[in-house]
Amino acid sequence: VRDDIVVSEIFGPTLQGEGPLVGLPTVFVRTGGCDFRCTWCDSMYAVDPSNRPDWENMTPGEVLDRITHLTRGFPLLVSLSGGNPALMPLGGLIERGHELGYTFALETQGTVERGWFAQLDHLILSPKGPSAGMRYERKRLQKCVEAAGGQTEMALKVVVFSEDDYQFARDLHADFGELPMYLQAGTPPIIPLAGVPEDERAEVTASDMRSVVAGNTVWLLERVKKDRWFDVHVGCQLHVMLWGAKRGV
Ligand code: SF4
């Protein structure tokens, strides 16, 4: 019986662009499929089943071979992302990767808990605020925290597009005070600009995105200062600042 992982893409090494491990060189394994449909999702190509023809069914061994090929065997950080990677059987991959010295971080919205969360080095739980248009269920998040246990480093990350999202993050922090909180200014979905020639669009939209994200981050920092909320990390997607919405970098 194959313990297949549905993979949307594997790429790197590149920088981890967000959350507690920002700046660390990493390889990304992005799984296909998600139980959410957030309004501002930036990876619908790994969510919407219409992209299934682009996804690959791979065994843990095949995924690990790809990782070791990309890293030339150097055991760095592997970031498991999606989609919702918690939908996939990733325990075997983590176990084999650990034997070769790799470390594993997984980011999920915290709707599905898995026993193998306890094998992870890092678990980043990223519940979605009201702007995502999805339902937050505390009980499910709590189960994820319990599944990870005491050994896995955990953090909360909330993407903030609005005052409501900010208040959601405040409440979450009050509720799960033992977990470090990372606020991330929202990256708006790109809108193709009318009148800009096709071959110049990527550059124009990338610089537009940068300035919007920078503005959102400054707003968020001001908001945090106003509340004197000083045990929180404020950031944005570093990869968007560097490369815009480009994939696979
Ligand atoms: S949970 Fe993440 S991957 Fe899934 S739809 Fe929302 S933003 Fe996209």
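**Group meeting: ligand shell, backbone and cores**

The residues of the shell around the ligand split into five nonpolar, two polar and two charged. Bear in mind that this is a predicted model. The shell itself is made up of C34, F36, R37, C38, C41, V47, G83, Q109 and K128.

Let me take one of these, G83, and go to the backbone. The peptide bond between G82 and G83 is cis, with omega about 5°. G83 sits in the loop between β4 (77-81) and α2 (91-99). A second cis bond to mention runs from G12 to P13, where omega is near -5°. P13 belongs to strand β1, residues 5-15. As background, most peptide bonds are trans, and most residues other than glycine have a negative phi.

That brings me to phi. R72 is not a glycine, yet its phi is positive, about 50°. R72 lies in the loop between α1 (60-71) and β4. Is R72 buried or exposed? R72 is exposed, at a relative accessible area of 80%. R228, also a residue other than glycine, has a positive phi near 50°. The place of R228 is the loop between α5 (198-226) and β9 (233-235). With a relative accessible area of 63%, R228 counts as exposed, because the cut-off for that class is over 50%.

Next, the strands. β4 and strand β5, residues 103-108, run parallel and are joined by four bridges. For S79, the bridge partner in β5 is A105. What does β4 make with α2 and β5? They make a β-α-β unit, and that unit is right-handed. β5 also pairs with strand β6, residues 122-125, in the parallel sense, again over four bridges. Here L106 has L123 as its bridge partner in β6. On strands in general, side chains in a regular strand alternate between the two faces of the sheet.

Now the interior. Nonpolar side chains in soluble globular proteins tend to be buried together. In this model the largest nonpolar core has 50 residues, and L80, F117 and L183 are the ones with the most contacts inside it. Helix α3, residues 138-148, gives the most to this core, with five residues. Which residues does L80 touch, leaving aside its neighbours within four places in sequence? The list is V29, P85, L90, L93, I94, F104, A105, L106, E107 and L120. Two names on that list came up with the strands: A105 is the bridge partner of S79, and L106 is the bridge partner of L123.

Apart from the largest core lies another one, of seven residues, including F36, W40, V47 and A132. F36 and V47 also appear in the shell around the ligand.

One last residue, D48. D48 is found in the loop between β2 (25-31) and β3 (56-58). Its relative accessible area is 29%, so D48 is partly exposed. How far apart are D48 and R37 in sequence and in space? They are 11 residues apart in sequence, and 8.4 Å apart in space, C-alpha to C-alpha. R37 is one of the residues that surround the ligand.

To go back over the main items: the ligand shell has five nonpolar, two polar and two charged residues, and one of its members, G83, follows a cis peptide bond from G82. The strands β4 and β5 form a right-handed unit with α2, and L80 is among the residues with the most contacts inside the largest nonpolar core.

Key
Residues numbered from 1 in each chain as written. Predicted model: local features only at pLDDT ≥ 70, side-chain atom pairs only at ≥ 80, totals over all residues. Heavy atoms only, no water. Near = heavy atom within 4 Å. Nonpolar A, V, L, I, M, F, W, Y, C, P; charged D, E, K, R; others polar. Buried < 20%, exposed > 50% of the residue type's maximum accessible area, 1.4 Å probe, protein only. Pairing = 2+ DSSP bridges. Right-handed = clockwise from strand over helix to strand, strands pointing away. Core = buried A, V, L, I, M, F, W, Y, C linked by side-chain atoms within 4.5 Å. Contact = heavy atoms within 4.5 Å.
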